Amino acid sequence: MRTTRRGVLAGGLAAVTATGAPGIIRAQAQPARARTIRAVMHADLRVLDPIWTTANITAYHGAMIYDALFAMDANFEPRPQMVGKWRVSDDKRSYTFELREGLKFSDGTSVMADDCVASLRRWAVRDGAGQHLFRRVKDTPVVDDKTFRIVLSEPYGLLIGALAKLSTSNCWMMRKKEAESDPNQQIRETVGSGPFLYNRDETRPGNRYVYDRNPNYVPRSEPASGLAGGKVVKVDRVVFENIGDEQTSLAALQNGEIDFFEVPPQDLVPDLEKDQNLEIRVLNKTGHIGFMRMNFLHPPFDKVEARRGMQHLVNQADVMRAIFGESKYWQRCGAYFACGTPMENDANTDWFKGGPNLAKAKEFFGKSGYDGRPVVVLQPSSGA
């Protein structure tokens, strides 16, 4: 069987899904090379707790080893994932969720309602959407082993969307044992609820991270769509190879030593597209949205007029050309809540549509009392 080699640009959370497990893999035979996917991701996996950090690579790990109550489909619509049935009270203040049959953790124990409640509460401490939701949560009672409720103090239309959201930290379901731990401390256990097991014995931190198919995972019956639907695993093993050098990763891809390169060098993509043995595919159609954030605690941007002045100075296209060059892999986007999503909205962005306006910028900076002091632009370092 010939292995298909892929280079993927801007993979995002849509790249792969799976789950984590205890050290029960030791006795299993090595999967055949043809049934193993070797992938070079965008960063090294340094944290195993997807609630404790917002790093994207840990979110990928979370998607490998955990499942969620709801998930977004390819149209950004939330769909039930671990939930089988659910209903909302007439006053929109009480949501009742019943887990579907066959849910088990990777240690063989059944997923119970109290596991889900504990997971929800731990997630809500760390995650922005969870914090916003839980300001309105009065109670999360367990009805029975498979049923629980979220009771609100007022209607909250984003509840299901928050549980299904794609951005970190995702609302993964853990065992109650781990979920009741301090949310400000990392958990080390990797007993998950999803389609893969985390193989600690063959993982080499800093080098490679191994995930084996979870034989006890029961996927949904619907076709897969986005992160929703049936997560039917068609390989025995996935390996995240950590190769820090892009050229080495590219050579490994071209030599068939790896199958998936998440973020190939942008300047080499035109040449890669000419290689008939490689397939360049944009998996994350909405891409990544960047923001320039002013430090509004200190001059000059402590004045709203100065911040408005910056809106008329920055040209998004110039910034993107400086980073990516002239490329079909970026586009101008003036929506605060992301172009290409159901929440896309460009209201109140006339400053963006009109492009840079130096006269307008000068007017706003004059109103702010800007005294000409230098403005320092910081380059952040991030594991995301």
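A residue counts as buried when its relative accessible area is under 20%, as exposed when the value is over 50%, and as partly exposed in between. Lys-92, at 47% relative accessibility, therefore counts as partly exposed. The structure described here is a predicted model, and the paragraphs below walk through some of its local features.

Lys-92 is a good place to start, as its backbone also deserves a look. Most residues other than glycine have a negative phi, and most peptide bonds are trans. Phi of Lys-92, however, is positive, near 65 degrees. This lysine is found in the loop between strand 5 (83-88) and strand 6 (94-99). Phe-76 is another non-glycine residue with a positive phi, of about 60 degrees. The loop that holds Phe-76 runs between strand 3 (70-72) and strand 4 (78-80). With a relative accessible area of 25%, Phe-76 is partly exposed.

Cis peptide bonds also appear in the model. One leads from Thr-168 to Ser-169, with omega near -5 degrees. Ser-169 has its place in the loop between helix 4 (159-164) and helix 5 (176-179). Another cis bond joins Pro-299 and Pro-300, where omega is about 0 degrees. Pro-300 belongs to the loop between strand 14 and helix 8.

That loop, between strand 14 (280-282) and helix 8, also holds Phe-301, which leads on to the aromatic side chains. A search of the whole structure finds ten aromatic pairs. In one of them, the ring centres of Phe-301 and Phe-365 are 6.4 Å apart and the planes meet at 70 degrees, so the pair is edge-to-face. Phe-365 sits in helix 11 (residues 358-368), and the pair links distant parts of the chain, 64 residues apart. Both of these phenylalanines are buried; for Phe-365 the relative accessibility is 12%. Phe-365 forms an aromatic pair with Tyr-370 too, this one tilted, with 5.4 Å from centre to centre and 55 degrees between the planes. Whereas Phe-365 is buried, Tyr-370 is partly exposed at 32% relative accessibility.

Elsewhere in the chain, Phe-70, Trp-86, Tyr-95, Phe-97 and Phe-148 form one aromatic cluster. Aromatic rings meet charged side chains as well. Arg-332 lies over the face of Phe-352, at 4.6 Å from the ring centre. Lys-367 is placed over the face of Phe-364, with 5.5 Å to the ring centre.

Charged side chains bring us to the salt bridges. Side chains of opposite charge can pair when their charged atoms come close. The structure holds 25 salt bridges, among them one between Lys-176 and Asp-114, with 3.9 Å from N to O. Lys-176 lies in helix 5 and Asp-114 in helix 2, so this pair ties together parts that are 62 residues apart in sequence. Lys-176 is partly exposed, with a relative accessible area of 32%, and Asp-114 is partly exposed at 30%. Lys-176 also forms a salt bridge with Glu-180, the closest N and O atoms being 3.9 Å apart. Glu-180 counts as exposed, at 56% relative accessibility.

Another salt bridge brings together the side chains of Glu-273 and Lys-328, at 3.2 Å from N to O. Glu-273 lies in the loop between helix 7 (269-272) and strand 14, and Lys-328 in the loop between helix 9 and helix 10 (350-354), so the pair ties together parts that are 55 residues apart in sequence. Glu-273 is partly exposed at 37% relative accessibility, while Lys-328 is exposed at 65%. In addition, Arg-35, Arg-213 and Asp-236 are linked in a network of salt bridges.

Helix 2 (residues 113-126) is also home to Ser-119. At 3% relative accessibility, Ser-119 counts as buried. Leaving aside its neighbours within four places in sequence, Ser-119 is in contact with Trp-172, Met-173, Met-174 and Ala-179.

Finally, the surface carries a nonpolar patch of about 630 Å², made by Met-292, Leu-313, Val-314, Val-319, Ile-323, Phe-324 and Leu-358. Helix 9 (residues 316-324) gives the most to this patch, with three residues. Val-314, one of the patch residues, lies in the loop between helix 8 (304-311) and helix 9. With a relative accessibility of 32%, Val-314 counts as partly exposed.

Technical notes
Residues are numbered from 1 along each chain as its sequence is written. This is a predicted model: local features need pLDDT of at least 70, side-chain atom pairs count only at pLDDT 80 or more; totals for chains, interfaces and linings use all residues. Side-chain values use heavy atoms; hydrogens and water are left out. Patches are made of residues with over 30% relative accessible area and no salt bridge: like charges are joined within 9 Å, nonpolar side chains (Val, Leu, Ile, Met, Phe, Trp, Tyr) within 5 Å. Accessible areas come from the Shrake-Rupley method with a 1.4 Å probe; for residues, only the protein chains shown count as cover. A salt bridge is a side-chain nitrogen of Lys or Arg within 4 Å of a carboxyl oxygen of Asp or Glu. Helices (H or I, at least four residues) and strands (E, at least two) are DSSP runs, numbered from the N terminus. Buried means under 20% relative accessible area, exposed over 50%, partly exposed in between (1.4 Å probe, protein chains only). Rings of Phe, Tyr and Trp (its six-membered ring) pair if their centres lie within 6.5 Å; planes under 30 degrees apart count as stacked, over 60 as edge-to-face and the rest as tilted. A charge sits over a ring if NZ of Lys or CZ of Arg is within 6 Å of the ring centre and within 35 degrees of the ring normal. Contact means heavy atoms within 4.5 Å.
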